[in-house]
Amino acid sequence: MDAFRIQGGSRLSGRIAIDGSKNASLPLMAASLLTDEPTTLRRVPALSDITNMARLLGELGCHVEGSHGTITVNVVDQTMSHARYDIVRTMRASICVLGPMLAKRGRGSVAMPGGCAFGARPVDLHLRGLEALGAQIRLSGGDIIATADRLTGAMVFLGGPFGSTVLGTANVMSAATLARGTTTIESAACEPEVVDLAEMLIAMGARITGAGTPRIIIEGVDQLGGTDHTVLPDRIVAGTHAIAAAMTNGDVILDDFPYDGLLAVIDRLGAIGVHIERIDPDADPKRCSVHVSSERRLKPVLVTTQPHPGFPTDLQAQTMALVCLADGNSIITEKIYPERFMHVAELTRMGAQLYRQGPTVMVQGVARLIGAPVMASDLRGSACLVLAGLVAEGETVINRVYHLDRGYAAMDETLNALGARIERFDAHASEAPHADPGRQEPLPYAAQLVEQHGGGGSHV
Ligand code: EPU
């Protein structure tokens, strides 16, 4: 099991490009089940979730060429329609094969996903939406079994207690492309990943309007063709690296930055004192270049996660690491997953001052974080701990980085290319590698600041 050993204190500088989005790629790959022709996807990130989705498509009768970068999916056998629990439990997004299988094959079964590290995460809205299109759904032996002769367009409401559902919208929208008649999805998720899926489906021959708004209208067609689609850049990876640059007082340019998908984040980071400036104002705002810089003292803020275009829950943990070093008290409220706070206890081990009450955490800024062994227990929480490790005094060891590898392609290599000092090692090997004891380590960045500025409440 891999772990990271991070020597804190390096200032990040340089230029990197943001790869395609994981959360866009997964439903796009699932949508390849809707056609008999080849589907080619470009800029697919090299992540374990993508490998798992490719494996799942293989088990559903697809021939998948390539594992990242450019992949092509060809459906060669439509008789297999069961997504096994072994795959579903490693990747909840497996549920998004259900709508396409139901629409194209008239049946599909997917193991019911269990809870995850940050809560129950039900799929009731997916199922309600597919039932509204005429599917018969039952649960048997832990599997969701869905059947339909041909789906029929309907009015579908996808609002739940925490807003809409992103993958639920993807599932119902994909299924409705081949339904008889018109489907209207009300309270649809507006996330850019839904828009990317709609754009690909339209290129395949689907008739969809309104993607990116809460009302999506789909006129069903009899069949869809193949396509060649470039996945949109990953807004969460982009936001994470912008925060990494800011935390280390770095000087970083990010290319292929999905600026218009991150406006809420750019707004909150601006309030903290982190500026994300476009350096090519004429480029497509979905994929442009930005320079990240931060003010000497970081200011505290209020951040509330919300469905898009609000502040994304997938950047809540990383933002918490950032405001740990702000000059005052910040308040972070989680409105999508009220239990998504596993990183709180681990950040506390590194010297953060965090006070949680229900879905809200008060973050009292500290002058410095201190390296410690910590345990990652979910993807974005792991990213938060890496960011904290980059600025902590001394050494931080993060165990179980397989969580991180689900959503960040070789994050250690990317950050090291910008000047970080992260070593990946096998935590189970009898003797883990250590930094050369004879080497003169530069003073950690946080300590340099204490030297330069005599401490105080801020990090830059
Ligand atoms: N919900 C229900 N019923 C449902 C579905 C969702 O009550 O049937 C609730 C959820 O429990 C949650 C809220 O609705 O409180 C939103 O969940 P949503 O369905 O939108 O989440 P998702 O589609 O399963 C995707 C991303 C998540 C991201 C969320 C919210 C993928 C593969 N996953 O999940 O990404 O947090 O949208 O933006 O696209 C991550 O990348 O780390 C990650 C967890």
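Axes are lines fitted to C-alpha atoms, for helices over the stretch in contact, and angles between them run from 0 to 180 degrees between N-to-C directions. Two packed helices are described by the angle between their axes and by the distance between those axes. In this predicted model, the axes of α5 and α6 come within 8 Å and cross at roughly 20 degrees. Angles under 35 degrees count as roughly parallel. α5 and α6 are therefore roughly parallel to each other. Their crossing is right-handed.

Both helices also take part in the ligand site. α1 (22-31), α5 (124-132), α6 (166-176) and α12 (379-391) each supply at least two residues of the shell around the ligand. The most comes from α5, which gives three residues.

The ligand is surrounded by 22 residues. Nearest to the ligand are Asp124, Leu125, Thr165, Asp314 and Ile336. By class, the shell comprises 11 nonpolar, six charged and five polar residues.

Polar contacts to ligand oxygen atoms involve both backbone and side chains. At Leu125, a polar backbone atom is 2.7 Å from an oxygen atom of the ligand. The side chain of Asn23 places an N or O atom 3.0 Å from a ligand oxygen. For Tyr337, a polar side-chain atom lies 3.0 Å from an oxygen atom of the ligand. Taken alone, the ligand exposes 820 Å², and the protein buries 91% of that area.

Terms used:
Residues numbered from 1 in each chain as written. Predicted model: local features only at pLDDT ≥ 70, side-chain atom pairs only at ≥ 80, totals over all residues. Heavy atoms only, no water. Near = heavy atom within 4 Å. Polar contact = N/O pair within 3.5 Å; in protein donor to acceptor, adjacent residues only side chain to side chain. Areas by Shrake-Rupley, 256 points an atom, 1.4 Å probe, with all protein chains shown as cover. Helix = DSSP H or I, 4+ residues; strand = E, 2+ residues; numbered from the N terminus. Nonpolar A, V, L, I, M, F, W, Y, C, P; charged D, E, K, R; others polar. Parallel < 35°, antiparallel > 145°, perpendicular 65-115°, else oblique. Left-handed = near helix turned anticlockwise from the far one by under 90°.
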